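Visitor: Hey, could you walk me through this one? I'd like to poke at the helices and sheets a bit.

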Amino acid sequence: MLKISPRNLADPSRRGRGVTAVLGPTNTGKTHLAIDRMLAHSSGMIGLPLRLLAREVYQRCVARVGAENVALITGEEKIRPKNPRYWVSTVEAMPKDLDVAFVAVDEVQLAADFERGHLFTDRILNLRGREETWLLGAATVRTILGKLLPGMDVIQRPRLSMLTFAGEKKLTRLPRRSAIVAFSADEVYAIAELIRRQSGGAAVVLGALSPRTRNAQVELFQSGDVDYLIATDAIGMGLNLDVDHIAFASDRKFDGYQFRQLSAAEMAQIAGRAGRAQRDGTFGTTGRCAPFEADLVERLETHTFEPVRVLQWRNHDLDFSSLRALEASLAIIPREEGLTRAPVADDLQVLERASRDPEIMDLATTPDAIRKLWAVCQIPDYRKVAPAAHSELVLTLYGFLMREGSIPADWIAEQVALADRPEGDIDTLSNRIAQVRTWTFAANRPDWLRDPEHWQGITRAVEDRLSDALHERLTQRFVDRRTSVLMRRLRENTRLETEVKESGEVIVEGHAIGRLQGFEFVADTSGAGQDAKALRAAAQKALAGEIEKRAEELDKAGDDKIVLANDGLVRWNGEPVAKLVAGDVALKPRAQLIADEQLTGPSRDKVAARIDKWLDAHVEKLLGPLNALTGAEDITGMARGVAFQLVEALGVLDRVNVADEVKGLDQEARGALRKYGVRFGAYHIYVPALLKPAPRQLALLLWALKHGGLSQKGMSELPALAASGRTSIPNDREIQKSLYRAAGYRVAGTRAVRVDILERLADLIRPAISWKPGASGEKPQGAIDGFGFTVSVGMTSLVGCAGEDFASILKALGYRMDRRPAPVEAKPGEAAPQESAGTVPAEAPLTDVPLAEATSDAVPAPGPLAAPPIATGAEIQPIADATPPAPDSVAAEPAVIEVWRPGRPRPERRPERKREPRKEAAKTDGASPEAAPQEERPRHERRDKRGKDRKDRGKDHGKRDQANFKPRVERKEKPIDPNSPFASLLALKEKMLSDKKDGN
């Protein structure tokens, strides 16, 4: 083979000798072919665009020729055996002084990149193997390489598989083994979060990740633990992945200078990662990416793109005689067509600042010092901080090198210690890795540290720890290990190791996936989307046998193991197995199974039959008297109609609703009903045996199922109140009265009183009203002379309330309250006055109190109505004052008591009728004010007119009645009771008048 000499490189016409360009789209096997070609030579070197890819190629070479024959050289890592034959390197770190038989540079189309392009251009133009040089890249650089390297050979490689456009898809509808491409870390993280919720997780690949972290994330995808990869365009550079579909979530990127649209060639580099070897691939759009134009799709599918016209170039023949000479040599413009000077990069910005720093200028005075300054300026800005901050760090390191000969060990130890903290979130760990990569770069320079190998080991270990921690954080945030493992096992159709604990927790392959509640699997609440589907699929495979086993156990379970809860659920061993739904009649509910599809066939029939049998027995146990009434053959005629309505009302029936039917019942019919436990009360017809808490809870539940459902207001409060056995409870006006009745209560004013207690109250009031003075037997509590009664302690204690609440109950039952003078205490030898339970001041008017119900829900302590002390006539003494009182003055007024008597409940107030405005003639000029409409006349005129009309109507009425007038027959005055307090007052008044006259 032709050996390449330096003179060939200096002469552009001979620069292409011995050079072969291997060009083609992605998935053409170019890199694999170059590795084979290098290992076929006695020695060789290959430059790759990424440290990650360099590490991958290094391992492949080691596997074929042994570690002692392969060296790895990157900016942050150096593995150099004693006598290596083959060198694997990043393009930036390719040694220039090696004499090897073969040289290859991969991805040479990056020579057009603004940031790194000049490095690739330098290797294309100035680096050669003794025997052969290969340039690997896209076909877009064929023309420009032909100009710069005349005489080179070209090998065109076709793509090994088809690449087709799949259109636009939602993120949640992307196929498995898809890579989603975005161009910012925030967007990558947001998409990964969504994919985790929907599909169990995703791997994340960013350019800022360390190679170790990226390898770990890629392994997640390659191993099948996750089916989605979220990445930046970093995957477009040599990462060999088993990707079937590439989805663009964006088509714009920031290239270090500006936001711009991706070129078709750049899109092809990324889209080409879909499909490897002979497997076809697809590409498309997703998320907020605009749909691709038809022309762009055609170019991507046919690999037809605009050729690269210029390559970025920087002078490599630098002058280190002075800082000004160095800057001048870097500013040289290329003279060859097809080359352009590269934009100012980070290293040039640092050098420019150094040239303005007096301290640096004092240090950089010799060619060696300037050469070292340029080497320090080329430290990459891993941290991506402000240029001034990066420049300050670089110049600090240069100061150490020039003043002390090396970077102080204690200083770099302090910097490494600051970064060596594996706690924190993803961004924090990424920043620490960027910091430690700077010290790793410095440690790999042979003359920057006194013990470089020691610091290489330390910085490598710190970077590995941080990388592992970062991988763990990424996995925790974006991967649901449980779901990913289960989905992979399901795809493999392998037998799942399943365990159902006593608590019902389901463990599959060591992961808790949910609980088996009765016969229904409830997936873990953290699962959603595809996650929930995976858990359910795993449960279906694992729980079929367990559900059949439970069906057998329920069929043999005793009635005491099954209960009906207040929420309508039938529970077995505490787990819901069915729920009640309304039947054709309230007393015949139906049970609806709560079970998954795995409970089928005979097992399902067996469970349904057992629950139906238990439900029938439960209703018979608690509400059996109603079933007996329904089937009673000895109840006929009108009594049967009453029994039917009592059953429909579930054991408590308002008597007023069947008043006519009850009146028509003879004693024989009533006796037939009483035989079945029916009681005829003052306000209700009911079955006392069904007023116990358990029957009433069931009756309330059955009534609600049939009338409004279990979610209506009151169903969360009334069951507990009914079970408490309280005699009365506050009345919530938002709860239907029928619900109170179903619970065994009747709404009366501000309270709801238990039905049997209300009947007992009626039993106390009835004898008190009917008692008369002189009657034989003990005087009932609350009895009073006259038709009425006063409230007694026994009444309020029975109901459990007093004061206004008890008064509202009496009013609701139809009683009216009067205020009467309190009985006078008896003198010696006289009859004792009537006891009273309550008095009010004498100035209160002696009128009926309105029967409107109170609205207060407060529950006062049981006790009688408030009663101030009774004042009697015997306690009244004449005023012993020198000045006699006025004739109309009274020393004290007698107290009064509240007496309740039967009356009719106040009828409902009718809605007010809207009065139509009077139709009056419009007011005209000269018309009197009376002719004007009401709204147009002054208010005082309208008032005077109304008064005049009333007077006129009164006169007319008087004239009409004169002819029919009859003198009123005067009634004889009744003699005053000498024991009355009014008699005492009258006697006192007469005595005072008599004393006054005697004084005059």
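Guide: Sure, let's start with helix H15 (residues 409-419) and helix H16 (residues 426-443), which pack at an angle of about 155° with their axes 9 Å apart. Axes here are lines fitted to C-alpha atoms, for helices over the stretch in contact, and angles run from 0 to 180 degrees between N-to-C directions. Helices (H or I, at least four residues) and strands (E, at least two) are DSSP runs, numbered from the N terminus.

Visitor: Which residues of H15 and H16 make the contact?

Guide: On H15 they are Trp 411, Ile 412, Gln 415, Val 416 and Ala 419, and on H16 they are Arg 432, Gln 435, Val 436 and Trp 439. Contact means heavy atoms within 4.5 Å.

Visitor: Are H15 and H16 roughly parallel or roughly antiparallel?

Guide: Roughly antiparallel, therefore; that label is for angles over 145 degrees, while under 35 counts as roughly parallel, 65 to 115 as roughly perpendicular and the rest as oblique.

Visitor: Before we go on, what kind of model is this?

Guide: This is a predicted model: local features need pLDDT of at least 70, side-chain atom pairs count only at pLDDT 80 or more, and totals for chains, interfaces and linings use all residues. Residues are numbered from 1 along each chain as its sequence is written, and side-chain values use heavy atoms, with hydrogens and water left out.

Visitor: OK, sheets. What is the strand order in the open sheet of 6 strands?

Guide: The order is E9-E16-E13-E10-E12-E11, with parallel pairing. Two strands pair if DSSP finds at least two bridges between them.

Visitor: Which strands stand at the edges?

Guide: Strand E9 (163-168) and strand E11 (203-205); each has a single partner strand, so one side of each is left without a neighbour in the sheet. On average, neighbouring strands of this sheet are turned by 20° against each other, direction ignored.

Visitor: And E10, what does that pair with?

Guide: E10 runs parallel to strand E12 (residues 228-231) over 4 bridges, and 4 bridges also join E10 to strand E13 (residues 245-248), again in parallel. Ser 178 has Tyr 228 as its bridge partner in E12 and His 245 in E13.

Visitor: Are the faces of E10 covered or open?

Guide: Both are covered: Ser 178 and Ile 180 on one side, and Ala 179 and Val 181 on the other, are all buried. Buried means under 20% relative accessible area, exposed over 50%, partly exposed in between (1.4 Å probe, protein chains only).

Visitor: What lies across E9 and E16?

Guide: Helix H9 (residues 294-302), running at about 150° to E9.

Visitor: Switching topic: which residues are buried in helix H23?

Guide: In H23 (residues 667-675), the buried ones are Ala 669, Arg 670, Ala 672 and Leu 673. They cover an arc of only 155° around the axis, which puts them on the same side of H23; the arc is that of the directions from the helix axis to the C-beta atoms.

Visitor: What do the buried residues of H23 pack against?

Guide: Helix H20 (601-630), helix H21 (637-648), helix H22 (659-663) and strand E28 (679-680). The face of H23 turned away from its buried side carries the exposed Gln 667, Glu 668 and Lys 675.

Visitor: Anything just after H23?

Guide: Gly 677 takes a positive phi of about 90° there.
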